Amino acid sequence: TGIKLQSSFVTTEVAMNVKLETAGSVSIKILDIANRVVSKETMNVVAGDNILKVYTTALPKSAYRIALYDSNGNMLGITDFNKL
């Protein structure tokens, strides 16, 4: 279970491989440097590998953290990226 980014440096989208043990709905939250949620999406995933994209065009250039949560609100993974 977890998140692996295609690249830590992004411009228009964050491409990631999300690996999960069970299928279901997950929430992907993007947090700014002050740990405020600036973007949130809910996606349906399958067990195993999932290639997902979150668009970041509207975000200003900065460092961000992307976190993955299951439908019960449990954190499944977290990683950082930089918007160029």
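A residue counts as buried when its relative accessible area is under 20%. The views below show a predicted model.

**View 1. The stacked aromatic pair of Tyr-64 and Phe-81.** By the ring-centre rule, the count comes to one aromatic pair. The ring centres of Tyr-64 and Phe-81 lie 5.6 Å apart and the planes meet at 25 degrees, so the pair is stacked; planes under 30 degrees apart are assigned to that class. Distant parts of the chain are linked by the pair, since Tyr-64 belongs to strand 7 (residues 62–70) and Phe-81 to strand 8 (residues 75–83), 17 residues apart. Both Tyr-64 and Phe-81 are buried.

**View 2. The hairpin of strand 7 and strand 8.** Eight bridges hold strand 7 and strand 8 in antiparallel pairing. Within this pairing, Ala-63 has Asn-82 of strand 8 as its bridge partner. Four residues separate the two strands of the hairpin, and in the turn Gly-73 has a positive phi of about 90 degrees.

**View 3. The open sheet of five strands.** The strand order is 2-8-7-4-5, and the pairing is mixed. Strand 2 and strand 5 occupy the edges with a single partner strand each, so one side of each has no neighbour in the sheet. At one edge, strand 2 (residues 9–10) runs parallel to strand 8 and is joined to it by two bridges. Val-10 is placed opposite Lys-83 of strand 8. Strand 4 and strand 5 are paired in the antiparallel sense, with eight bridges. Here Ser-25 faces Asn-44 in strand 5.

**View 4. Asn-35 in the loop between strand 4 and strand 5.** The loop that holds Asn-35 connects strand 4 (24–31) with strand 5 (37–45). Asn-35 has a phi near 65 degrees, which is a positive value in a residue other than glycine.

**View 5. The open sheet of three strands.** Strands in the order 1-3-6 make up this sheet, and their pairing is antiparallel. Strand 1 (2–5) and strand 6 (48–55) are the edge strands, each pairing on one side only. On average, neighbouring strands of the sheet are turned by 30 degrees against each other, direction ignored. Strand 3 (residues 13–20) and strand 6 run antiparallel and are joined by eight bridges. One of the residues in this pairing is Glu-13, whose bridge partner in strand 6 is Tyr-55.

**View 6. Ala-15 in strand 3.** Ala-15 has a relative accessible area of 10% and is therefore buried. Its C-alpha atom is separated by 6.1 Å from that of Leu-5, although Ala-15 and Leu-5 are 10 residues apart along the chain.

**View 7. The largest pocket and its lining.** The space in the largest pocket amounts to about 160 Å³. Its lining consists of Thr-1, Leu-20, Glu-21, Thr-22, Ala-23, Gly-24, Ser-25, Val-26, Asp-70, Ser-71 and Leu-76. Strand 4 supplies the largest share of this lining, with three residues. Sorted by class, the lining comprises four nonpolar, five polar and two charged residues. Ser-25, one of the lining residues, also stands opposite Asn-44 in strand 5.

Conventions
Residues are numbered from 1 along each chain as its sequence is written. This is a predicted model: local features need pLDDT of at least 70, side-chain atom pairs count only at pLDDT 80 or more; totals for chains, interfaces and linings use all residues. Side-chain values use heavy atoms; hydrogens and water are left out. Two strands pair if DSSP finds at least two bridges between them. Axes are lines fitted to C-alpha atoms, for helices over the stretch in contact, and angles run from 0 to 180 degrees between N-to-C directions. On a 1 Å grid over the protein atoms alone, a cavity is a set of points where a 1.4 Å probe fits but cannot get out, and a pocket is an open set with protein on both sides within 12 Å along at least five of seven lines; lining residues have an atom within 4 Å of a point. Grid points are joined across faces, edges and corners, and a volume is the space filled by probe spheres set on the points. Ala, Val, Leu, Ile, Met, Phe, Trp, Tyr, Cys and Pro count as nonpolar, Asp, Glu, Lys and Arg as charged, and the others, Gly among them, as polar. Rings of Phe, Tyr and Trp (its six-membered ring) pair if their centres lie within 6.5 Å; planes under 30 degrees apart count as stacked, over 60 as edge-to-face and the rest as tilted. Buried means under 20% relative accessible area, exposed over 50%, partly exposed in between (1.4 Å probe, protein chains only).
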